[in-house]
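Subject: Handing over the structure

Hi there,

Here is the structure I promised to pass on to you. Please have it open while you read, and my notes follow below.

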Amino acid sequence: MTSPIPKIEFFEGIPEELSDVSLRRNRSSGVRSVMMTFKQLKATEKFNSFTKRSSNSMRLIDTEGVISVEPSSVKFIFSGPEGDELERVECKFELDREDHWERFMRFMKRYAEANGMEYGENPSNASC
């Protein structure tokens, strides 16, 4: 029996490809924030978002189950000569409980391993 490949979905059944992730911690409150960047969204291609059910949250799926996250912000950044080419999508959310953070980090480790990504700390941001 094979384990399911970890995936990220905005719409049920449409796995998205994460381009980058940035992790931060507020020094005064201790709240951790996550910024996920996507260079493209499969949900926006070929009107996929009109044919699939939206969960109104971002779903992180792995062998432990499903993490449903409600982003605090989602930004669509456009570029190109006409300003109508999707450059990237930035999705931000916060995790204030330690057990939620630990679960998210287990998901990210599995996702990174399955998708050939590497984890590394920026020395200038290591204490953030």
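A pocket, as the word is used here, is an open set of grid points where a 1.4 Å probe fits, with protein on both sides within 12 Å along at least five of seven lines. Please keep in mind that this is a predicted model.

**The second largest pocket**

With that definition, the second largest pocket comes out at a volume of about 200 Å³. It is lined by 13 residues, and those closest to its centre are I67, S68, V69, L95 and H100. Three elements each give two or more residues to this lining: β6 (65-69), β8 (85-95) and α2 (98-114). The largest share comes from α2, which gives four residues. If you sort the lining of this pocket by class, you get five nonpolar, three polar and five charged residues.

**Strand β8 and its partners**

Strand β8 also turns up in the strand pairing. Strand β4 (residues 32-38) pairs with β8 in the antiparallel sense, over seven bridges. Strand β7 (residues 73-79) is likewise antiparallel to β8 and is joined to β8 by seven bridges. A handy residue for finding your way is C91 in β8: M36 stands opposite C91, and V74 stands opposite C91 too.

β7 and β8 make a hairpin with five residues between them, and in that turn G80 has a positive phi of about 90°.

Another residue to look at in strand β8 is V89. V89 has a relative accessible area of 0%, so it is buried. Its C-alpha atom is separated by 8.9 Å from that of F78, and the two residues are 11 apart along the chain.

**Aromatic contacts**

The structure holds four aromatic pairs. Take F93 and F104 to begin with: the ring centres are 5.7 Å apart and the planes stand at 85°, so this pair is edge-to-face. It links distant parts of the chain, with F93 in strand β8 and F104 in helix α2, 11 residues apart. Are these two residues buried or exposed? F93 counts as buried because its relative accessibility is 1%, and F104 is buried as well, with a relative accessible area of 2%.

F104 has another ring partner in W101. Here the centres are 6.0 Å apart and the planes are at 40°, so the pair is tilted. W101 and F104 both belong to helix α2 and sit three residues apart, about one turn of the helix. Both W101 and F104 are buried. Taken together, F93, W101 and F104 form one aromatic cluster.

**Salt bridges**

Side chains of opposite charge can pair when their charged atoms come close. How many salt bridges does the structure hold? The count is 11 salt bridges, and a few of them are worth pointing out.

R106 forms a salt bridge with E64, with the closest N and O atoms 2.7 Å apart. This pair links distant parts of the chain: R106 is in helix α2, while E64 is in the loop between β5 (54-62) and β6, 42 residues apart. R106 has a relative accessible area of 36%, so it is partly exposed, and E64 counts as partly exposed at 38% relative accessibility.

D99 and R97 also meet through their side chains in a salt bridge, at 2.6 Å from N to O. D99 is partly exposed, with a relative accessible area of 39%, and R97 is partly exposed, with 44%. Elsewhere, salt bridges that share partners join D62, E64, R103, R106 and R110 into one network.

The salt bridge between E9 and K7 has a distance of 3.6 Å from N to O. Buried means under 20% relative accessible area, so E9 at 2% counts as buried. K7, at 31% relative accessibility, counts as partly exposed.

**Where to start**

If you would like a route through the model, you could begin at C91 in β8, with M36 opposite, and then go to the cluster of F93, W101 and F104. From there, the salt bridge between R106 and E64 leads on to the network that includes R103 and R110.

Happy browsing, and best wishes!

Technical notes. Residues are numbered from 1 along each chain as its sequence is written. This is a predicted model: local features need pLDDT of at least 70, side-chain atom pairs count only at pLDDT 80 or more; totals for chains, interfaces and linings use all residues. Side-chain values use heavy atoms; hydrogens and water are left out. On a 1 Å grid over the protein atoms alone, a cavity is a set of points where a 1.4 Å probe fits but cannot get out, and a pocket is an open set with protein on both sides within 12 Å along at least five of seven lines; lining residues have an atom within 4 Å of a point. Grid points are joined across faces, edges and corners, and a volume is the space filled by probe spheres set on the points. Ala, Val, Leu, Ile, Met, Phe, Trp, Tyr, Cys and Pro count as nonpolar, Asp, Glu, Lys and Arg as charged, and the others, Gly among them, as polar. Two strands pair if DSSP finds at least two bridges between them. Rings of Phe, Tyr and Trp (its six-membered ring) pair if their centres lie within 6.5 Å; planes under 30 degrees apart count as stacked, over 60 as edge-to-face and the rest as tilted. Buried means under 20% relative accessible area, exposed over 50%, partly exposed in between (1.4 Å probe, protein chains only). A salt bridge is a side-chain nitrogen of Lys or Arg within 4 Å of a carboxyl oxygen of Asp or Glu.
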